[in-house]
Amino acid sequence: NDSDTIQVNFTAGFVEMNLGSFDLYPNPSNGIFTLSLNTIPEGKIEMRLVDVLGQVLYIILLQNQQQLFDFSYLERGTYYIQLMDNNGLFSKTIILK
């Protein structure tokens with residue numbers, strides 16, 4: 001067989017992330033919401049806003065434990081907030097209405 005085999009291992013690495021869990025409020029929102037980390041950021045933590053098609057719409061490095069975002073210019077719908085650090089990825093859904 002000449003086909004290539006790709007092995008992908010998924011782990012629950014986000015459980016061990018330095019950033020722990022995070023909250024988004026209000027959710028649903030009008031596009032203006034607060035992201036609040038349950039721990040103080042250590043190292044680089046990247047926040048991404050991703051649409052339902054997987055397109056990354058916004059990327060920023062988080063500097064603070066709490067940050068206000070204004071995405072009120074986006075179409076209403078479901079989006080994903082992804083936080084990434086060296087240990088993995090943690091994602092939550094945000095609904096804009």
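This is a short guided tour of a predicted model, with suggestions for what to select at each stop.

**The whole chain**

Start with a cartoon view of everything. The protein has 7 strands and 0 helices, so expect the pattern β-β-β-β-β-β-β as you follow the sequence. Of its 97 residues, 33% are buried. Among contacts with a separation of 6 or more, 56% join residues 24 or more positions apart.

**The hairpin of E6 and E7**

Next, select residues 77–85, which are strand E6, and residues 88–96, which are strand E7. These two strands make a hairpin with 2 residues between them. They run antiparallel, and 9 bridges join them. To check the register, show Tyr 79: opposite it in E7 stands Ile 94.

**The nonpolar core**

Keep the hairpin on screen and show the side chains of Leu 35, Ile 81 and Leu 83. These are the residues with the most contacts inside the largest nonpolar core, a set of 18 residues. Which strands each supply at least two residues of this core? They are E1 (22–25), E2 (32–37), E3, E6 and E7. In soluble globular proteins, nonpolar side chains tend to be buried together.

Now centre the view on Ile 81 and display what surrounds it. Beyond its neighbours within four places in sequence, Ile 81 is in contact with Phe 22, Leu 24, Phe 33 and Leu 35, among others. The list also includes Met 47, Arg 48 and Leu 49, and then Phe 90, Ser 91, Lys 92 and Ile 94. Two of these names, Arg 48 and Lys 92, come back at the next stop.

**Charged pairs**

Side chains of opposite charge can pair when their charged atoms come close. The count of salt bridges here is 2. For one of them, select Asp 23 and Lys 92, whose closest N and O atoms are 3.8 Å apart. This pair links distant parts of the chain, with Asp 23 in E1 and Lys 92 in E7, 69 residues apart. Asp 23 has 35% relative accessibility, so it counts as partly exposed. Lys 92 is partly exposed too, because its relative accessible area is 26%.

For another, select Arg 48 and Glu 46: the salt bridge between them has its closest N and O atoms 2.6 Å apart. Arg 48 is at 23% relative accessibility and therefore counts as partly exposed.

**Asp 51, a charge without a partner**

Move along to Asp 51, which sits in strand E3, residues 46–51. Is Asp 51 buried or exposed? It is buried, yet it has no salt bridge. Arg 48 carries the nearest side chain of opposite charge, and that is 11 Å away. A salt bridge needs the nitrogen and oxygen within 4 Å, which Asp 51 does not achieve with any partner.

What does the side chain of Asp 51 reach instead? Show the backbone of Leu 53: its nitrogen is 3.0 Å from that side chain. Then add Leu 57, Tyr 79 and Tyr 80, the residues in contact with Asp 51 once neighbours within four places in sequence are left aside. You will recognise Tyr 79 from the hairpin stop, where it faced Ile 94.

**The loop between E1 and E2**

Finish with Pro 26 and Pro 28, both placed in the loop between E1 and E2. Most peptide bonds are trans. Here, the bond from Tyr 25 to Pro 26 is cis, with omega near -10°. The bond from Asn 27 to Pro 28 is also cis, with omega near 10°.

Conventions:
Residues are numbered from 1 along each chain as its sequence is written. This is a predicted model: local features need pLDDT of at least 70, side-chain atom pairs count only at pLDDT 80 or more; totals for chains, interfaces and linings use all residues. Side-chain values use heavy atoms; hydrogens and water are left out. Helices (H or I, at least four residues) and strands (E, at least two) are DSSP runs, numbered from the N terminus. Buried means under 20% relative accessible area, exposed over 50%, partly exposed in between (1.4 Å probe, protein chains only). Lys and Arg count as positive and Asp and Glu as negative; His and the chain ends are not counted. A polar contact is a pair of N or O atoms within 3.5 Å; within protein, one must be able to donate a hydrogen and the other to accept it, and residues adjacent in sequence count only if both atoms are side-chain atoms. Contact means heavy atoms within 4.5 Å. A nonpolar core is a set of buried Ala, Val, Leu, Ile, Met, Phe, Trp, Tyr and Cys residues joined through side-chain atoms within 4.5 Å. Two strands pair if DSSP finds at least two bridges between them.
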